[in-house]
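Student: I have a structure open in front of me and would like to learn how to read it. Could you take me through some of its features, one after another?

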Amino acid sequence: MIRNYIKIAFRSLWRHKGFSLINIIGLAIGLTACFLIYINIKFELSYDTFNKKFDQIYRVAVDVRHPNAPVITTPAAFVQIGPSLQQDYPEVEANVRVLGARFLVQYGNSKFQEDDIIYTDPSLFNVFTLPVIKGDVKKGFEAPFKVVMTQTMARKYFGNADPVGKSIMLDSKYPALVTAVIKDVPANSHFKFDMAVSCATFEKLNPDVLQNWAGIHGFTYIVLPKGYDFHKLESQLPAFASRHYTQADKKEGVNYGYHFVPLKDIYMDTIRGGPQVGDLHNIHIFSAIAVFILLIACINFINLTTARATERAKEVGVRKVIGAARKQLIIQFLSESVVLCLIAFLLTVIFSNSLLPIYNQLSGKVTNTTIFTHNYVFHLFIVSCCIGIGAGLYPAFVLSGFKPVTTLRGKFSKSGSILLRRTLVVAQFTISIVLIVGTIVVYTQLNYMRSQPLGFQKDQMLAINFSSDPAVQHRVELIKNELKKIPNVASVTASRSLPGFGNGNSDSEIENKAGVMQQILIDAYYVDYDFIPQFEMKLAAGRIFSKSFGTDTSKAFIINEAAAKSLGYSSPSEAVGRKLLQWGRTGKIIGVLKDFHFQSLQEPVRPLSISVDPDFNRMLTLKITTKNIPATIAAIQSKWKTLVPERQFNYAFVDETFNAQYAAQVNFGNLFMYFAVLAILISCMGLFGLASYSTIQRTREIGIRKVFGASVTGIVNMLSAEFLKLVVLSALIAFPLAWFIMNKWLQDFAYRIAINWWVFAFAGAMAIVIAFATVAFQAMKAALANPVKSLRAE
Amino acid sequence: MIKISNLEKFYRTEEVETIALNKLSMEVATGEFVAIMGPSGCGKSTLLNILGMLDDPDAGSYVFNEIEVAHFNERKRADLRKHNIGFVFQSFNLIDELTVFENVELPLIYTGVAASERVKRVEEVLDKMQIMHRRNHYPQQLSGGQQQRVAIARAVVNKPKLILADEPTGNLDSSNGNDVMELLTDLNEQGTTIIMVTHSEHDARYSHRIIRLLDGQTVMENIMV
């Protein structure tokens, strides 16, 4: 029986090729979009699950509370916390510290700046599941200057040779022994590294840091027993914290709150942050888009099948007369829809497999490299079958319910499902228009952020990162002067940070309007005298750093307007001359800069302090002219080779790096646009199908109208109006919905656009034009047909 | 075999009520070949639909094989129908997606006949209708006469006691029409009861008895000799 159903299903699909094509292609496109989103989300939600102790690992996070100041939450902890916790509480099975590091790494002739290095304890390899390929991670790693590297790094420096037992050079002065090679850290790990250097190395290089419980460095992870309720231990942490307050803490009244963050929550922890943070918000948005696109494709199926009901009514009648029970007919129609969905399933597998690289490129993140993993395809198969049954159910019930007496007489009337079809079309276009509005808003916002004045000169600024190499720091003035001699180099400045490159912050004390020294976590820039003039930052009050004041390298600070405001000053000039304490340096505020955007416009401009400190400089920035930029870069490179032969010439343009901050938003916008295009495409395919059935049904009416003098335009208008009315209705529903959703999305941006009326006008007009183009073709065909033929056919 | 008495059927639209059958009574004995004639709208097709249990009467009694079926629900009627009644239509009503063989096989599938038995019976009946050579063709590849022979094959494959034919020659030329009438006569001679609605006096002459309807009532009965 089932074989018979499937056979008939295939024949029926083949006979109605147009209908089948619209349905299958529409479903396959919808399923592909949905599937790609699904495996991406699945990847995002799979973070850290590769660890065997996934549900036992916790990150220790410290909150800092200064008196009269908001709590500062961090994802990090003091380096002493891990070992102390394990010592004090037997429940703690293991602890490991992970601290970020950078080194200039050299082996033989291979020399590269490596920024993804960690200092860590040997226990790292017990806590996290990081398979060893060669060597022994347990032996020797507790000593200083021992290195474990990933497979990729091993290949980069050693080619096919075995790195274990060989010595590499760190920062040209510390030889370090490679003790093991591990597999690359999985892509879905919340922290990644290329090389692990033993924590003892850190202790050797920074002996003072480990002595005090001050300064929060890096991440600490602990392992608790399986099934253990971590709140039990967490509740004892206040007592633990109070045992470890320093004299300074007690004097200042600083409080620390210790927390355990389960490994499963770390990647999505946007409040505390961390090296890699996912976006639950985006996951929700894209899940919704996936469901909607699939819904649109399913609606096509329901609509086209019920629209074809008249065509199939006779068949239903015949089958019933011959003896088919309703149940048998339902099964028959369901098998047809399941067969159709399974063909779409096969196409989806082909589409998804070939589109995966493009999708990864669009989303800016390589998640899965193949769809043939994690049973993804099996899930897709199940979903396809469910869609076949789900979307086929309604048409199956409608079709199988026809009475043979009426259908065989041909007096079958268009049933009440017209209302349903119209409702579904409105739903499709509502979703499509919301997506179109969304796309326009996302792009307008991106454009807005990229075109806003930033408060500093970002163009033609070439930044060379020398990774705070002391060899450069000590000769910085000489190097600057040499670089300035290159034609087309206008000026050179050295600094630790640059706008868009990220910067550190400092727990500082600044005199506020009331004259009290106020604790404030302030973003900190360390620069030289040329920095502010070169970047053309504007002064709001006071003066900028000057060599003519001998104390500017030790006692002068400049803050921005945001900092002045946060300290209660109503005008910037009031802040000038006030006291400031930072990193043990006591000085005065000599000037207030107008706010400039040192971060993306998603963030408000935060309080910032700027001071001159040559020992902190990490990069050199050259202002070059627009004249023959490649030649200038080449000249700078060759000069760099003679000046700093031991360092690679790593450079970036400030404007490009600054705009790269929007990469995530650009990817988001691109994905959004593609899905909007797909949604409208699938909706229009459905509309095309519906329009063609509708015109077939109205052939006789059109014939009669023409006989009695209707014009072609009149008929085209009449037929199109039927559908355009639906699109207009969709627009009216979509506008407030889109406004609500996108307004919510915009709240994430400190600097944002207002959604203009033209966005809606444009989206609505676009939907109407596309819908009209879709329907008009069918309408024209019907209107141009010879009425004699259509009347005779009846 | 069939006894109907005081059968009534109305068609209602929003404002108008039309009487299709007006207290109609008649009987058909097993083995009879009855033709029903009358002008358009006289209730012929309505009567045939009720006799075929595709439709139910609004009033009156319908006894089929000594069972009162007038108030059967749809499922019961369908069950009775598929085992006892074969239909032949003016417009053949073959399913376009199925081959000749599969069209004829369909009633056997719905009555749950085993596959091997189905093949045997379909081949038997196709042979009898002299359409065996077309068994793998689709309906649209056949002439009208051939299509109607397939339709008759489909009607008889289940060995029904009663065949209801609604203007079986209406879409055929006279030569093909005569062939179809010969086939029906043969079936009748082998014991199948036949009730046929027709406009054609020529076709009606193949029957044993002609019942003439007008406005939902019997106006005349002719017994053929």
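Tutor: Let us begin with a single residue, A:Gln328, which is found in helix H13 of chain A, a helix that covers residues 326-363. Please keep in mind throughout that this is a predicted model.

Student: Is A:Gln328 buried or exposed?

Tutor: The label depends on relative accessibility, and buried means under 20%. A:Gln328 counts as buried because its relative accessibility is 14%.

Student: Which residues does A:Gln328 touch, leaving aside those up to four places away in sequence?

Tutor: Its contacts are A:Met1, A:Tyr5, A:Gly323 and B:Tyr110. Please notice the chain letters, since B:Tyr110 belongs to chain B.

Student: That leads me to the contact between the chains; how many residues does it take from each?

Tutor: Chain A gives 25 residues and chain B gives 26 residues. The area buried between the two chains is about 2,300 Å², with carbon and sulfur atoms giving 55% of it. On the side of chain B, B:Asn93, B:Glu97 and B:Tyr110 supply 30% of the area which that chain buries against chain A, more than any other three residues.

Student: How many salt bridges are there between chain B and chain A?

Tutor: A salt bridge is read from the distance between a side-chain nitrogen of Lys or Arg and a carboxyl oxygen of Asp or Glu, which must be within 4 Å. Between chain B and chain A the count is three salt bridges. In one that B:Asp96 forms with A:Arg15, the closest N and O atoms are 3.5 Å apart. The elements of chain B that give two or more residues to the side touching chain A are helix H1 (44-51), helix H2 (74-84) and helix H3 (100-110), and H3(B) gives the most, with six residues.

Student: Where do B:Arg209 and B:Glu32 lie, and why is their salt bridge said to tie parts of the chain together?

Tutor: To read such a pair, look at both the distance in space and the positions in sequence. The closest N and O atoms of B:Arg209 and B:Glu32 are 2.7 Å apart. B:Arg209 lies in strand E9 of chain B, whereas B:Glu32 lies in the loop between strand E2 and strand E3, so the pair ties together parts that are 177 residues apart in sequence. B:Arg209 counts as buried at 9% relative accessibility, and B:Glu32 is buried too, with a relative accessible area of 15%.

Student: What separates A:Lys480 and A:Glu477 along their helix?

Tutor: They are separated by about one helical turn, because they stand three residues apart in helix H18 of chain A. Their closest N and O atoms are 3.6 Å apart, and the two residues form a salt bridge. A:Lys480 is buried, with a relative accessible area of 2%, while A:Glu477 counts as partly exposed at 39%. Both belong to a network of salt bridges that also links A:Asp528 and A:Asp530.

Student: Finally, which residues make the nonpolar surface patch?

Tutor: A patch is read by asking which nonpolar side chains come together at the surface. Here A:Ile2, A:Ile6, A:Phe10 and A:Ile331 make a patch of about 340 Å². Helix H1 of chain A, residues 2-15, gives the most to this patch, with three residues. A:Ile2 lies in that helix and, at 53% relative accessibility, counts as exposed.

Key: Residues numbered from 1 in each chain as written. Chains lettered and ligands numbered in written order. Predicted model: local features only at pLDDT ≥ 70, side-chain atom pairs only at ≥ 80, totals over all residues. Heavy atoms only, no water. Patch = residues over 30% accessible without salt bridge, like charges linked within 9 Å, V, L, I, M, F, W, Y side chains within 5 Å. Areas by Shrake-Rupley, 256 points an atom, 1.4 Å probe, with all protein chains shown as cover. Helix = DSSP H or I, 4+ residues; strand = E, 2+ residues; numbered from the N terminus. Buried < 20%, exposed > 50% of the residue type's maximum accessible area, 1.4 Å probe, protein only. Contact = heavy atoms within 4.5 Å. Buried area = accessible area lost by both parts, 1.4 Å probe.
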